[in-house]
Number of protein chains: 2
Amino acid sequence: MSTRTELPTTPVGIAACCSPLTGGALDPDSAQQLARLFKALGDPTRVRLISLIAAAQDAEACICDLTDPVGLSQPTVSHHMKLLAEAGLVTREQRGKWAYYRLAENTFNTLRQALNLDR
Amino acid sequence: MSTRTELPTTPVGIAACCSPLTGGALDPDSAQQLARLFKALGDPTRVRLISLIAAAQDAEACICDLTDPVGLSQPTVSHHMKLLAEAGLVTREQRGKWAYYRLAENTFNTLRQALNLDR
């Protein structure tokens, strides 16, 4: 039995705008939401965890497979994953003993659009 | 007379990799360099300043035109711009009394590639 937690991903204000970051002056709320995403990525361990999930088979990674590559304890890795999940950058699914993570594509699309990639 | 300061933009380790963030497990140095860029963007004022520069005529903005839109003092805005310049996200050109800023395209390309946009 599994429980999938779909965390909030794409903030409406950002999604509504085609290319918010470089497409024009951004309203304060959208700037706040984007900054939150960037801040969550502003840590080398979290950047590595994201890259590990993206590189994993089926683009899904068990927490049990993330600790060794970053050389940190499971509680520490879990803390980083919690921050990434709270920011809406990953989704988490509990299967038995382990948590499995996927990248939240909607949120990454928001970041891509924010960096003006749909121009 | 003007002085253009080209700050370091694309870290070599990142540039050498096609899509570092979601293309595979990232080495620690590249993760550190990417995290530094994301961290610099992890502040709503800096996100707004970036959007203002991108939206400015000729994609260049005078510091004198950035203070009003974000509603902050010039020293505060200058501090944020200094952090963005140190991260390599903007370039700065002093012309007479005022500093003018442009987005550092190389660095934004690095971010775009990191978010797997060249796939």
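Student: How many residue pairs are in polar contact between chain A and chain B?

Tutor: The count is 6 residue pairs, both residues at pLDDT 80 or more. A polar contact is a pair of N or O atoms within 3.5 Å; within protein, one must be able to donate a hydrogen and the other to accept it, and residues adjacent in sequence count only if both atoms are side-chain atoms. This is a predicted model, in which local features need pLDDT of at least 70, side-chain atom pairs count only at pLDDT 80 or more, and totals for chains, interfaces and linings use all residues. Residues are numbered from 1 along each chain as its sequence is written, chains are lettered from A in the order in which they are written, and side-chain values use heavy atoms, without hydrogens and water.

Student: How is the size of the interface read, and what area do chain A and chain B bury?

Tutor: Interface size is often given as the accessible area lost when the parts come together. Here chain A and chain B bury about 2700 Å² (1.4 Å probe, summed over both), and 72% of that area is on carbon and sulfur atoms. Each chain supplies 34 residues to the contact (heavy atoms within 4.5 Å).

Student: How are the two copies related?

Tutor: In general, two copies of a chain are related by a rotation about an axis and a shift along it. A turn of 180° with a shift of 0.0 Å along the axis lays chain A on chain B, at an RMSD of 0.0 Å (least squares on C-alpha atoms of residues with pLDDT of at least 70 in both). The copies are thus related as by a two-fold rotation axis.

Note on methods. Buried area = accessible area lost by both parts, 1.4 Å probe.
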